[in-house]
Amino acid sequence: MTDLIEMTGIGKSFAGVAALRDASLSIRPGEVHAIIGQNGAGKSTLIKILTGVYRRDAGVVRMSGHDLAIAGPREAQDAGIATIYQELSLVPLRSVTENVIMGYEPRSRLGLIDWKAAHARTRQILTRFGVDIDVTLPLGRYSTAIQQLVVIARAVSLNARLVIMDEATSSLDDQEIETLFSVVRGLKDDGVAVLYISHFLDELYRICDRVTVMRDGRTVATHDVAGTTKLGLITEMLGRDAGEIQAAGLTALSGGTSEPGRTLLQADGLRTRTGLRGIALDIRQGEIVGLGGLLGSGRTEAARALFGLDPLTGGAVHHHDGVALDSPAKAIAQRIGFLTEDRKVDGIIPHLSVRENITLAILPKLRKAGAIDRLRERQIAQHYITALQIKTAGMEQPIRELSGGNQQKVLLARWLALDPEILILDEPTRGVDVGAKFEIQSIIRDQVAKGLAVLLISSEFEELVEGADRIVVLQDGRSVAELHNPGVTQDALINAIAHHHDKGAAA
Amino acid sequence: MSDPTMIHSRFDPARHGALIALVVILAFNLIVTPNFFQAQTLFVNISQMATIAIVAMGMTLVIATGGIDLSVGAVMALAGALAPLIFLSDFAQANPGLGLAASIVVPVLVALFCGVFNGMLVSCFGVQPIVATLILFISGRGLAQVLTNGNLQTFSNPAFSYLGTGRVLGLPFQGWLVLAIAVVLTWVVTRSIFGRQLLAVGGNERAARMSGLPVRRVKIGAYVICSGLAGLAGLIVVAINSASDAARIGNLMELDAIAAAVVGGTLLQGGRAPIFGAILGAVIIQLVKYTLLANGIADEVALIAKAAIIIAAVYLQQGWKE
Amino acid sequence: MGDIASLDLRRYLRGGSHSAGVWAALIALIIFSLLRYENFGGAYNISSFLNYNAMFIVISVGMCFVILTGGIDLSVGSVAAFTSVVAAYLSPYGMQVALPGAVLSGLAIGALNAFFVVAMRIPPFIATLATMLGAKGGALVISGAQTISVDWGSNFTRLGMGKVWDIFPWTAIITAVVVVALWIVLERTSLGRTTLAIGGGEDAATMMGLNVRRAKCFVYMLSGACAGLAGVFLASGFGAGQPLEGIGWELSAIASVVVGGTLLTGGMGSVLATVAGALLLGLVFNILNFENGRGVISLSAYWQMVIRGAFLLAVILLQSRLSRTTQKELS
């Protein structure tokens, strides 16, 4: 059987830097095919070449045996390739119908858009996915899961032969992921191929038929998923020895045996307009408190409330010094740090140097006669660049030029420079490569051993279960359970979340 | 010691392009324009350039926060209309010293207040800077005309006119003023806490807030400085002419200032504030104006030339970014 | 954090129609004026009101399209001034030449804006600020900085001074036709829907395979053409091309668009509500004129500028929460 997509010898450089060299990919009709690889391995570049966003420098792309020349998203759609991007590719302000039929509107005899027919067609398409909603309302009114399904519905309605899903599940909860997977299986039954990109290896085993591993802009191997092991895939992704990885364990947060000290921060009955409906937790010196729960359970919102970013509508946060924490500046003055989830949006100041990014939160302390004490600033920056092994050409290099993992280390340094008492870590290792992940985790563990208190949010249950001393389980904006280590297993955590979730029934 | 806000060791077309442009214009004038290489020409250009430079430096700070201030020309008009009103009043005629002081202090205070107004709209009410400053852009000049009833105010007040016609060490007073302001602002941008906060807010506002920076205060500060400098520039214009016409003072100054800032290497997205670049930009804008004028090309055509400079400068900047 | 923004957005979207307010305010002010001023409902007031505001309605509708894409057009006032001069020069050839000629010259400047924004990727406010300057310079150059009298012998002035049934000026009728046509374009054509989609998320619109560049070119050219038409109205209504007119028109247009419930960040809005917004702003001035006439207040012409600014201020303060929400969502 001819492959649906066959890409061979693909090369692509940006400003002289090779992003892809001799990459290849073959997708069979009706299969679910995964691409995995570390950040910078070339996955997204390869896909953007397939969808016509980038032009390739070398290589051949064939679809069903014919050479394929695509110059833009529209041509890709017309060729039967539909892409569902990480950042949802839809327009929340416009109606569901417009999001589904835009660009392919049914016309009346005068050549004008026939809205009645458009709504009817949209309803019909969505019914296939078990979605029954008012299609005339703005899409932004519906949940992320519905929005995601609408994008897929659009793709399918355009008679796609290949649907590309780029990190499609990253903002869905378990139940929504299950719905998505059944849609994927449905597509497969209809003979539509799915190209699946995900950081979550577990998902691979649940729905994918074959997997292509990429590293350093090259295709390393393509396997039948059934014949692989997780460890084997990670080995290929990293290009490291399997035994080495196994010995290191999958997370470096574990292994702490510190005795928690006095209570630093205590929160009772937190309520906010952002969806918290009763969160209680306390943080003690020298311990890692994990926040467990599904996306939307209020983990990030709880952290924001503690940090003074969102005003409380009920409940109270008691700091051991008795200070009200109603703004980030006040929280920072009490030596509380918050390493945010989205590095680009909430973290780095791209034009400023590594030095300036490191000292951003401690500017008030560097004040000397209204100016910045530049000598001390340089000392501090140099100290953390060395201590955290930040790979940079020098402290004056703009942070935007660093890799993701090193940017994350700079941001970690920003908070460590504060000599924090409490550090809130929201997905501290998301989107960084495995090596940097280990390093970041062991830095955190070292600091905790010295008395730092950490509030850890992580979507990786492994990281939570192995790293946290206690896990506070959240659900629908409430804290519903607390698990104590040692003894917590992933199953126990999942049970705790699932159990209360069923009882909550509000989902 | 390399300082990223001031001097880039790497090639930076926005900056070096401007220097090349300056050399080309100077060379052109030396060859073509009659009487270009004369002290008088230098004085005229310095005194004309000074107002553009002063406003452009303030504009640079605002653009560094990721904003824009369209109201500078109107604020100039407001300050320029107020000053003669004050020193021509009965009170000032009776107390010349106090009157003179008030005629400088009050307009500048009013200008600062305009900055607070702009800054509050942008930072507290989340209005886009273009629209927020468009309000004063129109209403500010309207207010100035209401105050003067649309009349041209002429006066003879040597003490006040020193602002625009005085000489220090043989060079126009306002030239020295530009230099002084530039030195202070450069220090502010590169060395002070406020300057670092300014660049951080412009570079990534959300991250700055998460790091505990007083984002609103910093933004308001930038608009206040910008408006204050615009007010000062308005006074200088009035002092040069010994006359105040609310309809004309600072007319289209926002364009000159934005052009000067952009030509000087300020990124429209914010995060960079090259103060001396703004002065370089102002010099170029002034020389282009002068070149056209001195070679008998109508004022109106100069408008079109300026429009072209703005487009070219921003376009080059975009290209360099990509 | 995305969650929070989308929560806000969801709350906003649940708020229902955002143009209901402007219609209510418009009707209330009309009733108030009818009761308070004897001559308000008279043929003279109605026809002069419509005649004067026709040009503002036209530029506001053009501006509406630009703002819907998340852009802005600051050049409309200068363009209208420029095209009024063009129309005056063409007036001896009659309306059938002067009108299309002036509209085309406006369209050409709009095309220049489109080129700067779409091809050169210059931020809209800088691009249109430059053309504002350029068009102003152009108007002054071709007119020699003088008002240019139209040819009173041709049929050109009938456009700005003639009336149908003694009450509806031709300008108002042309405006109505333009408004209806553009309303259909926005609501019922893919070009219109693409315009809306761009403001709602330009990247998403591109990813959907929509022709984003074409739609962006269209809105700037449309805005230029609308300003061109306003210039024709200006010249025919005042009997002369006015190179110095148009100051602050962009402000009026933006205010009308925003008061009609269109988000300044784009993606949501309507042509008809924009017309209501323009009428509301015009009505405010009409009422002030009546009050002036009654001797209740005495405002010089210079107050117009101040009031326009105050009106826009009031409107955007009302909308600021909304636009902030969407900015967050779309950033």
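This is a short tour of a predicted model, with suggestions of what to select at each stop.

**Strands in chain A**

Begin by selecting residues 32-36 and 210-215 of chain A, which are strands β3 and β9; these two strands run parallel and are joined by four bridges. To see one of the pairings at the level of single residues, pick out A:Ile35 and then look across to β9(A), where its bridge partner is A:Thr212.

Keep β9(A) selected and add residues 218-224 of chain A, which form strand β10; here the two strands run antiparallel, and six bridges join them. A:Thr212 can serve as a landmark again, since in β10(A) the residue that stands opposite A:Thr212 is A:Thr222. Now follow the chain around the hairpin of β9(A) and β10(A), which leaves two residues between the strands, and stop at A:Asp216, whose phi is positive, near 50°.

**Domains of chain A**

Next, colour chain A by its domain assignment, which gives domain 1 as 5-246, domain 2 as 249-335 together with 420-507, and domain 3 as 343-419. If you turn to domain 2 and domain 3 of chain A, you will find that their C-alpha centres lie 25 Å apart. Where these two domains of chain A touch, each of them brings 12 residues to the contact.

Which helix gives the most to the side of domain 2 of chain A that touches domain 3 of chain A? Select residues 434-449 of chain A, because this is helix α16, which gives the most to that side, with five residues. Colouring the same side of domain 2 of chain A by residue class shows seven nonpolar, two polar and three charged residues.

**Where chain A meets chain B**

Move outward to the neighbouring chain, and show the 24 residues of chain A that are in contact with 21 residues of chain B. On the chain A side, the elements that each supply at least two residues are α11 (328-333), α12 (343-347) and β17 (371-372). By class, this side of chain A divides into 14 nonpolar, five polar and five charged residues.

**Where chain C meets chain B**

For the last stop, select chains B and C, where 39 residues of chain C are in contact with 33 residues of chain B. On the chain C side, two or more residues come from each of α6 (124-143), α12 (249-259) and α14 (303-330), and α14(C) gives the most, with 14 residues. When you colour this side of chain C by class, you will find 25 nonpolar, 10 polar and four charged residues.

Technical notes: Residues are numbered from 1 along each chain as its sequence is written. Chains are lettered from A and ligands numbered from 1 in the order in which they are written. This is a predicted model: local features need pLDDT of at least 70, side-chain atom pairs count only at pLDDT 80 or more; totals for chains, interfaces and linings use all residues. Two strands pair if DSSP finds at least two bridges between them. Domain bounds come from an automatic or database domain assignment. Two residues are in contact if their C-beta atoms, placed from the backbone, lie within 7 Å. Ala, Val, Leu, Ile, Met, Phe, Trp, Tyr, Cys and Pro count as nonpolar, Asp, Glu, Lys and Arg as charged, and the others, Gly among them, as polar.
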